[in-house]
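Please open the structure in a viewer and keep the sequence panel visible. The stops below are given in the order in which they may be selected.

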Amino acid sequence: MPSPTVLTGLAVGAVLGFILQRGRFCITGAFRDLWVSRSWRWFTAFLLAITIQAVGVAALTGVGFINPEIPRLSVVATVAGSFFFGVGIVLAGGCATGTYYRAGEGLVGSWFALVSYATTAAASKTGVLSGLTTWVKGLWVTNLTTIPATIGVPDWAGVVILAGITGVVVHRFVVLGRSRPAQVQLPAQRTGLAHLLLEKQWNPLVTGLLVGIVAIVAWPTSWASGRQDGLGITTPSSNLVGLIVTGDTKRLDWGVLLVLGILIGSYIAAKTSGEFRVRVPNAQIIQRSITGGILMGVGAVWAGGCSIGNALVQTSLLSWQGWIALVFQVLGVGAAAWFLLISPRQRRRAERAATRVPTAV
């Protein structure tokens, strides 16, 4: 039986899963919108989550409660792995957390993506692909850790700069939001807190704020259990596969319960809000989901983290690995979006224009 401190992982995961599902907080969508619709709406919310966590982690580190270890930058592994991961999340229809929370709300394509992602991550970390992972990670290893350390400023100064940039971006989002027409809301069926939690559409910035707060809470609760890390999806997913295959209960740590909690929290949110529905995609979508899951698993292990471990957590630590991973995840999403969404759309428009009969004068 897991200890009470380990069980906090299940609680944190359930809260996170609930927030992700109800807030529709999809990192894949945030990155994809940058390319497809030129919208910074959800990326702004994601940047807010990073910044909130950065402030919290700086405070926890400052008082000596935690002491996060910053990885040295492995250039080839971070760049290639993050790019592959970015392509994979478009094919899979969701990032690491997105795949978990969408699996919890009944999307069968995400079930396939989740299984292939977790299995490939386990194979890349400790299984048949671990030798390739070791080789890639050793190709170009630097001594770079955090950006503030490289440029010679204190970590707190880096957090202040990040907070300032985020403040400007959030202010722009709020100003633009005021000029847009209000979205049509369906008639309320619930009242009070139930209406706010289960029915009313959540504001992206509020969702980003809540994700950032949960990310802060994850640090002390995880450290109290003996796992010296914050939010993470790839290694826990790998450990979950190992637990299922080997029965080794030592793998049942805070992180494994976190990802199981995301599934549970998402299911509760979808079920209580009336959004749970088992949706079976066609064969092409399933094939894409499996392929995307494979790229996600390999890419996340090579890069040392996924859209959470790198793009959310390591960025909040101001590490080179985190911010370079974020850039190349966005580029990977852009490449996949071009081939799967933008280019086909442009071809269809060109075909319609070519077949349109000119109007007689």
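**An enclosed cavity**

A search of the whole structure, which is a predicted model, finds 1 cavity of 30 Å³ or more. Its volume is about 40 Å³. To display the walls, select Leu16, Leu20, Phe25, Ile27, Thr97, Val211, Ile308 and Leu312, which line this cavity. By residue class, the lining consists of 7 nonpolar residues, 1 polar residue and no charged residue.

**The largest pocket**

Next, turn to the largest pocket, which holds about 670 Å³ of space. Its lining comprises 32 residues, and those closest to the centre are Asp229, Thr235, Gly304, Gly305 and Gln321; selecting these five places the view on the middle of the pocket. Then colour helices α12 (234-246), α14 (283-303) and α15 (309-316), the elements that give two or more residues to the lining. Which element supplies the largest share of the lining? Helix α14 does, with 4 residues. The lining as a whole divides into 15 nonpolar, 11 polar and 6 charged residues.

**A nonpolar patch on the surface**

Keep α14 coloured and select Trp111, Phe112, Val278, Val280, Ile290 and Ile294. Together these residues make a nonpolar surface patch of about 520 Å². Two or more of the patch residues come from each of α6 (108-125) and α14. Ile290 is located in helix α14. Is Ile290 buried, partly exposed or exposed? Ile290 has a relative accessible area of 32%, so it counts as partly exposed.

**Salt bridges**

The whole structure contains 5 salt bridges. Begin with Arg22 and Glu275, whose side chains meet at 3.3 Å, N to O. Because Arg22 belongs to helix α1 (residues 4-23) and Glu275 to the loop between α13 (254-272) and α14, this pair ties together parts 253 residues apart in sequence. Arg22 is buried, at 5% relative accessible area, whereas Glu275 is partly exposed, at 33%.

Move to Arg279 and Glu105, which form a salt bridge of 3.6 Å, N to O. This pair also links distant parts of the chain: Arg279 lies in the loop between α13 and α14, Glu105 in the loop between α5 (96-104) and α6, and 174 residues separate them. Arg279 is partly exposed, at 25% relative accessibility, and Glu105 is buried, at 3%.

A further stop is the salt bridge between Arg251 and Asp248, at 4.0 Å, N to O. Both partners are partly exposed: Arg251 at 26% relative accessibility and Asp248 at 31%. Finally, select Arg22, Arg24, Glu105, Glu275 and Arg279 together; salt bridges that share partners join these residues into one network.

**Two residues with positive phi**

Select Arg38 in the loop between α2 (27-36) and α3 (41-62). Its phi is near 55°, a positive value in a residue other than glycine. Then select Leu318, in the loop between α15 and α16 (320-355); Leu318 is not a glycine either, and its phi is about 60°. Are these residues buried or exposed? Arg38 is exposed, at 61% relative accessibility, while Leu318 is buried, at 7%.

**A pair distant in sequence**

The last stop is Thr166, in helix α9 (residues 155-179). Thr166 is buried, at 4% relative accessibility. Add Ile52 to the selection: the two residues are 114 residues apart in sequence, and their C-alpha atoms are 9.7 Å apart in space.

Technical notes
Residues numbered from 1 in each chain as written. Predicted model: local features only at pLDDT ≥ 70, side-chain atom pairs only at ≥ 80, totals over all residues. Heavy atoms only, no water. 1 Å grid on protein atoms, 1.4 Å probe; cavity = no way out; pocket = protein on both sides within 12 Å on 5 of 7 lines; lining within 4 Å. Points joined across faces, edges and corners; volume = space filled by probe spheres on them. Nonpolar A, V, L, I, M, F, W, Y, C, P; charged D, E, K, R; others polar. Patch = residues over 30% accessible without salt bridge, like charges linked within 9 Å, V, L, I, M, F, W, Y side chains within 5 Å. Areas by Shrake-Rupley, 256 points an atom, 1.4 Å probe, with all protein chains shown as cover. Buried < 20%, exposed > 50% of the residue type's maximum accessible area, 1.4 Å probe, protein only.
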